[in-house]
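The following exchange sets computed values against the cut-offs behind each term.

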Amino acid sequence: MAVRDYIRERFFPHIWCPGCGHGIVLNGLVRAVDHLGLKKNDIVMVSGIGCSSRIAGYLDFHTLHTIHGRALAFAIGVKMSRPDLTLLVPMGDGDALSIGGNHFIHACRRNIDMTAIVMNNRVYGMTGGQFSPLSGHGTMATTAPYSNIDQEFDVVTLATAAGATFVARATAYHVQQLPDILEEAIRHKGFSVVEVMTPCPTYFGRKNKEGSVVKMMDNLKTGTTPIGSKAKQENPSLIERGIFVKKEMPEYCAEYQKIIERAMKGM
Amino acid sequence: MAKLKLKTHVINREWCKGCGICVHFCPKKVLELDEFEKVVAARPQDCICCKLCELRCPDLAIEVQTEQD
Ligand SMILES: Cc1ncc(C[n+]2csc(CCOP(=O)(O)OP(=O)(O)O)c2C)c(N)n1
Ligand code: SF4
Ligand code: SF4
Ligand code: SF4
Ligand SMILES: [Mg+2]
């Protein structure tokens, strides 16, 4: 496939640090879109602010680079006015779950047809390594020099409880599954959440003495396991990856169309 | 499916940032970083065309072209 058909080459090499996992998400996403055979003109990518959110600038779809934490609010506006378009909403972990946490849970609840991708590097990369709601207890950050006492959210459990109808977790190491999961999420008619665990070697890696990005990628390999594996029973600390939820529920734009029709009849 | 046969590794030296991900995780140890910290295919004859390097590169800097592509 020709990756170049989907990117804005004039902005390359991109701004991300050497080894930044956000680039691997971009790589996997391009392959998912190519495999789906979607036209670039039928895709709208909406992002907020963060290293992760810069992904929108590099992809040759319709793109909106909006404000921190509010990507989903903008995306919902686009989708409500043009339900025929495919909406992709990449977000950072801080973006999606600190400042954008409220938008996130309500978008899950409404089941509006779009794909939210949480590029989870467990840190505020762009602003210099502050801890995020996904950093987790005992991690180090510039704002937690003696270690973080906040517990982390589990994106999968949170999205499931909030009502998302497709919920999955992937990693930047497992690059054969990443495009497949993204493809299935985009295909799903309803609100899809895909958490992608990605390394930020510059801040999370350095602060937590994880070593090189190669070591961080290795940790994604050894620290995760497919859903329901035997390894998980033996070692409960392993993080599961795969598709956790996939169910049919009334979709928001379709329901709204029914309301419009009902109202028109009443006139 | 027939075994894939390597044509060439297309490496974009302008884009490669020398992170070493492709080098380390290549199952056949085909790749190396040169003195400029850019990737080179040092042992192309060992390549099995799994394309893991291409899929894992955060910088879209390496492409594995096969005779079948
Ligand atoms: C309203 C608002 N608050 C705060 C900021 C500062 N800010 C920019 S990016 C960011 C967090 C980035 O972290 P994350 O969303 O995890 O993305 P990453 O850079 O790690 O990919 C913050 C707090 C902002 N731009 N706008
Ligand atoms: S600071 Fe972290 S998240 Fe931002 S580009 Fe660098 S490695 Fe990526
Ligand atoms: S295609 Fe596979 S074997 Fe060949 S260089 Fe890339 S990772 Fe190594
Ligand atoms: S993964 Fe990409 S950027 Fe990193 S060393 Fe290999 S070709 Fe260069
Ligand atoms: Mg982050």
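Q: Is Val123(A) buried or exposed, and what makes Val123(A) count as such?
A: Val123(A) has 5% relative accessibility and therefore counts as buried. Buried means under 20% relative accessible area, exposed over 50%, and partly exposed in between (1.4 Å probe, protein chains only). This is a predicted model, in which local features need pLDDT of at least 70 and side-chain atom pairs count only at pLDDT 80 or more, while totals for chains, interfaces and linings use all residues. Side-chain values use heavy atoms, hydrogens and water being left out; residues are numbered from 1 along each chain as its sequence is written, chains are lettered from A and ligands numbered from 1 in the order in which they are written.

Q: What makes Asn121(A) count as buried?
A: Its relative accessibility is 6%, so Asn121(A) counts as buried.

Q: Which residues are the protein donors of the magnesium ion (ligand 5)?
A: They are Asp93(A) through OD, Asn121(A) through OD1 and Val123(A) through O, at 2.0 to 2.1 Å from the ion. Donors are N, O and S atoms within 2.8 Å of the metal (3.2 Å for Na, K and Ca); water is not among the atoms, so sites may look incomplete. Along the chain, the donors of this ion have the spacing D-x27-N-x1-V.

Q: Why is α5(A) called oblique to α6(A)?
A: Helix α5 (residues 101-110) and helix α6 (residues 155-162) of chain A pack at about 50 degrees, with axes 7 Å apart. That angle makes α5(A) oblique to α6(A): under 35 degrees counts as roughly parallel, over 145 as roughly antiparallel, 65 to 115 as roughly perpendicular and the rest as oblique.

How values were computed:
Axes fitted to C-alpha atoms, helices over the stretch in contact; angles between N-to-C directions. Helix = DSSP H or I, 4+ residues; strand = E, 2+ residues; numbered from the N terminus.
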